[in-house]
Amino acid sequence: APVWCVVPAAGVGARMKAGFPKQYLKLQHKTILEHTLERLLALPYVAGVVLALHPDDDYWTTLPISRDQRISCVDGAVERAGSVLNSLTWLEDNGHSDAWVLVHDAARPCVTSDTVANLIESVRRSDAVGGILGVPVSDTLKQVVNDNRITGTQDRSKLWQAQTPQFFSVGLLKRALQQALDVGLMVTDEASAMEFAGHQPLMVEGRADNIKVTRPEDLPLATFILQQQAL
Ligand code: C5P
């Protein structure tokens, strides 16, 4: 089955405090979104990209890459999961119901082709319904409630940080996301919707430098990672 990419890029980037969406910040003379899309489009097995943009997005069409015929745009939604769902609907409506998708955050420009290939191969070798990239957590994780009081410590040995891409078939993922949204579940990644539907997606170890550019201090870090990877 063909592999498509779905790139949610409809967030407003409130935590970045940049005054405009973080995917349009520049790293090494290119926006974060361009870095991300170029890496995905360079994967030889990718048939195309569905990009979910904010309905009021004024920036996209100013980028040269917006003319790339392999990219189709859809309107995003208020939540990330809704943006992904709209993208999956586009795929179904355009005859790609049998495709598999790599859902990848626009805000992760440092993803590498090796880790994505390993994700796909690992899922195909397994009997899992799909899978995601992640890394084991390195910090101790605390539960914190009112007034920043610590009320518990998680067992770190079983905890991983979820990254993207997350790799699933269009049909199963769409049903799972719809179901999760219908019951008001907090869905911050695709795997959580699949888990809620009773599946056990595969966790595939990726790289810690596949960071999600979220806060101002992530920008110099992402620049450094891109520089190192280019060497
Ligand atoms: O908010 P967060 O950092 O988890 O966003 C991850 C990705 O999802 C970003 O690329 C963001 O643009 C996208 N997103 C979206 N629609 C939303 C919220 C976030 O496409 N409503």
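**Notebook: surface patches, cysteines and salt bridges**

I looked up leucine 185 first in these notes and found it partly exposed, its relative accessible area being 31%. The model I am reading is a predicted one.

**Nonpolar patch.** I placed leucine 185 in the loop that runs between helix 4 (170-182) and helix 5 (190-196). I then asked which residues make up the nonpolar surface patch here. Val183, Leu185 and Phe196 form it, and its area is about 240 Å². Leucine 185 qualifies for the patch because its 31% relative accessible area passes the cut-off of over 30%.

**Positive patch.** I noted a surface patch of positive charge in which Arg15, Lys17, Lys212 and Arg215 gather. For arginine 15, I recorded a position in the loop between strand 1 (3-9) and strand 2 (26-27). Its relative accessible area is 47%, and I entered arginine 15 as partly exposed.

**Cysteines.** How many disulfides does the structure hold? I found 0. I checked cysteine 73 and saw that the closest cysteine sulfur, in cysteine 5, is 14 Å from its own sulfur, which is too far for a bond. Cysteine 110 is likewise in no disulfide, with the sulfur of cysteine 5 as the nearest cysteine sulfur at 16 Å. On burial, I listed cysteine 73 as partly exposed at 39% relative accessible area, whereas cysteine 110 is buried at 0%.

**Salt bridges.** I recorded 8 salt bridges in the structure. One of them pairs glutamate 92 with lysine 174, with 3.1 Å between the closest N and O atoms. Glutamate 92 belongs to helix 2 (residues 80-93) and lysine 174 to helix 4, so this pair ties together parts 82 residues apart in sequence. I entered glutamate 92 as partly exposed, at 29% relative accessibility.

I next examined arginine 108 and aspartate 105, whose side chains meet in a salt bridge at 3.1 Å, N to O. Are these two partners buried or exposed? Arginine 108 is buried at 8% relative accessibility, and aspartate 105 is buried with a relative accessible area of 8%.

A further salt bridge joins the side chains of aspartate 155 and lysine 158, at 3.8 Å from N to O. Here I noted aspartate 155 as partly exposed at 44% and lysine 158 as exposed at 66%. Last, I traced a network in which Arg80, Asp105, Arg108 and Glu190 are joined through salt bridges that share partners.

How values were computed: Residues numbered from 1 in each chain as written. Predicted model: local features only at pLDDT ≥ 70, side-chain atom pairs only at ≥ 80, totals over all residues. Heavy atoms only, no water. Patch = residues over 30% accessible without salt bridge, like charges linked within 9 Å, V, L, I, M, F, W, Y side chains within 5 Å. Areas by Shrake-Rupley, 256 points an atom, 1.4 Å probe, with all protein chains shown as cover. Salt bridge = Lys/Arg side-chain N within 4 Å of Asp/Glu carboxyl O. Lys, Arg positive; Asp, Glu negative; His and termini not counted. Charge placed at Lys NZ, Arg CZ, Asp CG, Glu CD. Helix = DSSP H or I, 4+ residues; strand = E, 2+ residues; numbered from the N terminus. Buried < 20%, exposed > 50% of the residue type's maximum accessible area, 1.4 Å probe, protein only. Disulfide = S-S within 2.5 Å.
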